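Open the model in your viewer and keep the selection panel at hand. Each stop below says what to select and what is there.

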Amino acid sequence: MDFAKKIQSGQFVITSEIGPPKGVEIEGALKEAETLKGKVDAFNVTDLQSSVMKLGSLATCRLLVERGLEPIFQITCRDRNRLALQSDLLSAYVLGIRNVLVLTGDHPVLGDHPQAKPVFDLDSISLLKAATGLMEGKDMVGNDLVGKPEFLLGAVVNPSADPLEPQIIKMEKKIQAGAKFFQTQAIYDVKSFENFMNIVKKFNVPILGGIVLLKSAGMAKFMNEKVAGINVPDKYIAMMAEASKEDRPKVSVQIAAELIKGMKGLCQGIHIMPLGWEKHVPSVLQESGF
Amino acid sequence: MLITKLKNKEELLASFEKKPFIIKCFGCKEVYFPEDKIEELLKENESKITGVARLDYLCREEFSKLYLAKYGQQIKNSGVVIVFSCGVGVQVIAKLCPEKEVLAGCDTYYLDGFQGLSVQDLNCEQCGECYLNYTGGICPITACSKGLLNGQCGGAKNGKCEVNVEMDCGWELIYKKLKGLKLENVTKQSKVLIRNYKRILDELGYNKDHIKEE
Ligand code: SF4
Ligand code: SF4
């Protein structure tokens, strides 16, 4: 069953993520994804994540389609104006891509080309609205399209943001603009995720809880300091700090599995962001009882 | 050179229903400031207005603060404050009256040569369709690093923008301001805002000497 049908019929879904390489050697990443066939329902492909110049999301998504894997095309508003964004959505459709995750995107100064022009002609909400319009056969100014694309549109939300209310307001607007599912920022505290889920239950939209594999205590501290809405609790930082270098993946998997077990009864899916540790995804799933 | 135009009548008339106090800036009105139209509008709505203040160079925050002190009671008794000035002027008043909903009466098209005239940290990018009435008088285009119109991105941490820890997140300021005014629903209920870059060109980009009348 394809991802859209599965998620819309209320079934539990698992997604993971592929970060295209800086360069053209993509075979390794595709092979790794293939090993997860049947275990993972769809793969997000990041769009120049953290504003670092890389191979594109669109091409990588197509390569997944060719291997019988289902991609979720991440598209950000950082680099393209409304002409290019709409056009790329049409391109995605003709290339067999059916799931799109719409994001505003990081500012270019966070990446490796900080001199670049920040575009942000649209934002996550206006791009969702534009995509919905395309699905209805119209471009943003109301011109007719020949043939209509069909997408399952998704968006992101940060359940641990402080203050949370602006996130909820925006989430509601994203739903009105056409978002049919949400993937969340990394969760490290099941209790606060539960609190978030209680607030957004009323929206009746599938939510996939986000998991980022911790690689070291240093990474956890860095995220706590720099990344919005991430608070890795001290106990996990201590577990990572105490583990020897060889044991770190094992401990990391153990932490992820503990979180997933806590979360899976609360939401409709899990989104695993391995950030280079793709090879550990199978053990995460196994340890979590999937 | 300053070019502002009155906001559309419908929006303005809705603001007049909220018992407004009026502030007019005659600082750099020389080039194109819809003075006659403002007077006309004020006259038509005289009975709804709680008071009018006229200042030169609203953007000089310290001066405006002193000058407005004598209108304190009138402003307090009004429902909203409507400011006829460029976008910077409106933002200055919004800052000086944190307890009031401050609304822009004009759209700002052109300010060239005027930025930096007075020392302050507010800016206007002359978008020609002033959004301050949705954002509690804080400019989403200049106060947010991405110029987002529909709400905060996911990058703010501890109230600071993802771009720089020294910089306040403009949208968090907007949220707090609206929340304080019990107006947080304004962002929720507003339609999806999309900037129209052609507006400036339409009005004056092709020929700055010729300003189209509405
Ligand atoms: S929204 Fe900002 S840039 Fe646009 S006119 Fe108002 S103050 Fe100026
Ligand atoms: S962190 Fe705030 S100011 Fe910075 S880009 Fe995001 S919304 Fe705008």
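One definition before the first stop: Ala, Val, Leu, Ile, Met, Phe, Trp, Tyr, Cys and Pro count as nonpolar, Asp, Glu, Lys and Arg as charged, and the others, Gly among them, as polar. Remember too that this is a predicted model.

**Confidence**

Color chain B by pLDDT. Its mean is 88, and 89% of its residues reach 70 or more. For the model, ipTM is 0.93 and pTM is 0.93.

**Ligand 2**

Select ligand 2 and show its shell. Cysteines there are B:Cys144, B:Cys153, B:Cys161 and B:Cys169. B:Ala156 and B:Trp171 are also in the shell. Add B:Ser145, B:Gln152 and B:Gly170. Finish with B:Lys146 and B:Glu162. By class, this shell has six nonpolar, three polar and two charged residues.

**Ligand 1**

Move to ligand 1. Its surroundings include B:Cys124, B:Cys127, B:Cys130 and B:Cys139. Now pick out B:Tyr131 and B:Leu132. Then show B:Gly87, B:Gln91, B:Thr108 and B:Gln126. B:Glu125 belongs to this shell as well. How do the residues around ligand 1 divide by class? Six are nonpolar, four polar and one charged.

**The interface of chain A and chain B**

Select both sides of the interface. Here 33 residues of chain A are in contact with 27 residues of chain B. Together the two chains bury about 2400 Å², with 55% of that on carbon and sulfur atoms. Which residues of chain A lose the most area to chain B? They are A:Glu165, A:Ile169 and A:Lys173, which together account for 21% of what that side buries.

Stay on A:Glu165 and add B:Lys179. The two form a salt bridge, with the closest N and O atoms 2.9 Å apart. The rule finds two salt bridges across this interface. It also finds 13 residue pairs in polar contact.

Switch to cartoon and highlight three helices of chain A: H5 (124–135), H6 (165–177) and H8 (217–226). Each supplies at least two residues of the side that touches chain B. H6(A) gives the most, with seven residues. By class, that side of chain A has 13 nonpolar, eight polar and 12 charged residues.

**Two backbone stops in chain A**

Select A:Asp162 and A:Pro163. A cis peptide bond joins them, with omega about 0°. A:Pro163 lies in the loop between strand S5 (152–157) and H6 of chain A.

Last, select A:Phe120. Its phi is positive, about 45°, although A:Phe120 is not a glycine. Look for A:Phe120 in the loop between strand S4 (99–103) and H5 of chain A.

Key. Residues numbered from 1 in each chain as written. Chains lettered and ligands numbered in written order. Predicted model: local features only at pLDDT ≥ 70, side-chain atom pairs only at ≥ 80, totals over all residues. Heavy atoms only, no water. Near = heavy atom within 4 Å. pLDDT = per-residue confidence, 0-100. Contact = heavy atoms within 4.5 Å. Buried area = accessible area lost by both parts, 1.4 Å probe. Salt bridge = Lys/Arg side-chain N within 4 Å of Asp/Glu carboxyl O. Polar contact = N/O pair within 3.5 Å; in protein donor to acceptor, adjacent residues only side chain to side chain. Helix = DSSP H or I, 4+ residues; strand = E, 2+ residues; numbered from the N terminus.
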